Amino acid sequence: MALNNTYDARPLFQETAVGAGAQLLLLAFLGTAIGMGPAGWLTGLAFALATWAVLNRALRRTRPRSFGPANRVTLGRATLVGGITALVADSFQSSPPVSLFVGLTAVALILDGVDGKVARRTGTSTALGARFDMEVDAFLILVLSVYVSMALGPWVLLIGLMRYGFVAAARVMPWLNGSLPHSMARKTVAAVQGVVLLAAASGWLPYGVTFALVAAALGSLLWSFGRDVAWLFRTREERTGSRAVLARTVRTTEPAGPAATASATDDGMAKTELALDDRIEARIAVHETTDRESRAATTAHTDAVGPAVVPFPLREAELAVR
């Protein structure tokens, strides 16, 4: 409790304030350079305010010791995404300079591979950093798909909306929140989306080639999502059963607390109903079972997920931050 009382979040909030200030400077530059209209200004300001508010709320909840160099890179990338979003909003009235739009987007995509490396090299990988990186990636893809859809048609929006549709579906079907095994194919498909949308947005390729590339990117994304959803569906019962065993089965060598009511079984194990809040640590032993597949699934399910790997479809890491 003493640590909670002495925690000082002001240095972290100063970092987010600097990010918001950088966003305003970028908007001022864009407004001066291209004469950005009200739609671009309002959209850019809304993005800056939303990023600042959501990030501060996440920092209050997770209470990291420092903001970290990797998060600074991601915050810089978020600033660029805010500028790109303002340009796309303004493009409904007048098209932005192609070189400026492509330049900002290219830098934002390149930096996507930098923050993860910085996190690993500095030992500052966190669940918050992974989630921050994930949301910036997803929003950039959404904004690019909106821009490209104006030239190719509304079907392109499926690229940007697919991740958000998946998140909405996971609220109805919680088994979709399961962790996925590492897949280089999934990472490749994720990286391709931004590159293809940037190429399409540049207008440097013939219409037929651009249409074919974007359609192929969408097809690969549908394949990636479909494969992962099928895997999660097949393993949903194993993962649910493994969590139930971990939550309800403890060895009788540990004395039961007042909040637990135990009844001994023939094999010397006790099944207990635990009344624990999420800040109490309990040492749980897994019941020995002959179901090898269930135990293997439990092991795979609890493997750590590298925070720099944030592919599509995107998953929330199953990490308990207290």
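Accessible areas here come from the Shrake-Rupley method with a 1.4 Å probe. Keep that in your pocket for the exercises below, and remember that you're working with a predicted model.

**Exercise 1. Get an overall feel for the protein: how many helices and strands are there, and what share of the residues is buried?**

Step 1. Start with the secondary structure: it comes to 12 helices and three strands.

Step 2. Now the inside. The protein has 322 residues, and 38% of them count as buried.

Step 3. Then the outside. About 18000 Å² is exposed, and carbon and sulfur atoms supply 63% of that area.

Step 4. Finish with the contacts. Take those between residues at least 6 apart in sequence: 77% of them join residues at least 24 apart.

**Exercise 2. Find the largest nonpolar core. Which element gives the most residues to it?**

Step 1. Pick out the core itself: it has 48 residues. Those with the most contacts inside it include Ile84, Phe101, Val148 and Leu197.

Step 2. List the elements that give it two or more residues. They are α2, α3, α4, α5 (98–111), α7 (127–152), α8 (157–172), α9 (184–202) and α10 (207–234).

Step 3. Read off the top giver: α7, with 10 residues.

Step 4. Zoom in on Val148. Skip its neighbours within four places in sequence, and you'll find Val148 touching Gly153, Val156, Leu197, Ala200, Ala201 and Val214.

Step 5. Here's some background: in soluble globular proteins, nonpolar side chains tend to be buried together.

**Exercise 3. Look for holes. Which residues line the second largest cavity, and how do they divide into nonpolar, polar and charged?**

Step 1. Search the whole structure, and two cavities of 30 Å³ or more turn up. The second largest has a volume of about 70 Å³.

Step 2. Go round its wall: Thr16, Gly19, Ala20, Gln23, Phe47, Ala48, Thr51, Trp52, Leu75, Ala78 and Thr79.

Step 3. Match the wall to the helices. Those giving two or more residues to this lining are α2 (10–34), α3 (38–62) and α4 (69–90).

Step 4. Sort by type, and you get six nonpolar, five polar and no charged residues.

**Exercise 4. Sort Ala28, Phe166, Ala130 and Arg63: is each one buried or partly exposed?**

Step 1. You need a cut-off: buried means under 20% relative accessible area, and partly exposed runs from there up to 50%.

Step 2. Ala28 sits in helix α2. Its relative accessible area is 33%, so Ala28 is partly exposed. Count 13 residues along the sequence and you reach Trp41, with the two C-alpha atoms 8.8 Å apart in space.

Step 3. Phe166 belongs to helix α8. Phe166 counts as buried because its relative accessibility is 9%. Phe225 is 59 residues away in sequence, yet the C-alpha to C-alpha distance between Phe166 and Phe225 is 8.8 Å.

Step 4. Ala130 is part of helix α7. With 16% relative accessibility, Ala130 counts as buried too. Between Ala130 and Asp115 there are 9.6 Å, C-alpha to C-alpha, and they're 15 residues apart in sequence.

Step 5. Last up is Arg63, in the loop between α3 and α4. At 37% relative accessible area, Arg63 is partly exposed.

**Exercise 5. Stay with Arg63: what is its phi, positive or negative?**

Step 1. Recall the usual pattern: most residues other than glycine have a negative phi.

Step 2. Check the angle. Arg63 isn't a glycine, but its phi is positive, at about 50 degrees.

Technical notes. Residues are numbered from 1 along each chain as its sequence is written. This is a predicted model: local features need pLDDT of at least 70, side-chain atom pairs count only at pLDDT 80 or more; totals for chains, interfaces and linings use all residues. Side-chain values use heavy atoms; hydrogens and water are left out. On a 1 Å grid over the protein atoms alone, a cavity is a set of points where a 1.4 Å probe fits but cannot get out, and a pocket is an open set with protein on both sides within 12 Å along at least five of seven lines; lining residues have an atom within 4 Å of a point. Grid points are joined across faces, edges and corners, and a volume is the space filled by probe spheres set on the points. Helices (H or I, at least four residues) and strands (E, at least two) are DSSP runs, numbered from the N terminus. Ala, Val, Leu, Ile, Met, Phe, Trp, Tyr, Cys and Pro count as nonpolar, Asp, Glu, Lys and Arg as charged, and the others, Gly among them, as polar. Buried means under 20% relative accessible area, exposed over 50%, partly exposed in between (1.4 Å probe, protein chains only). Contact means heavy atoms within 4.5 Å. A nonpolar core is a set of buried Ala, Val, Leu, Ile, Met, Phe, Trp, Tyr and Cys residues joined through side-chain atoms within 4.5 Å.
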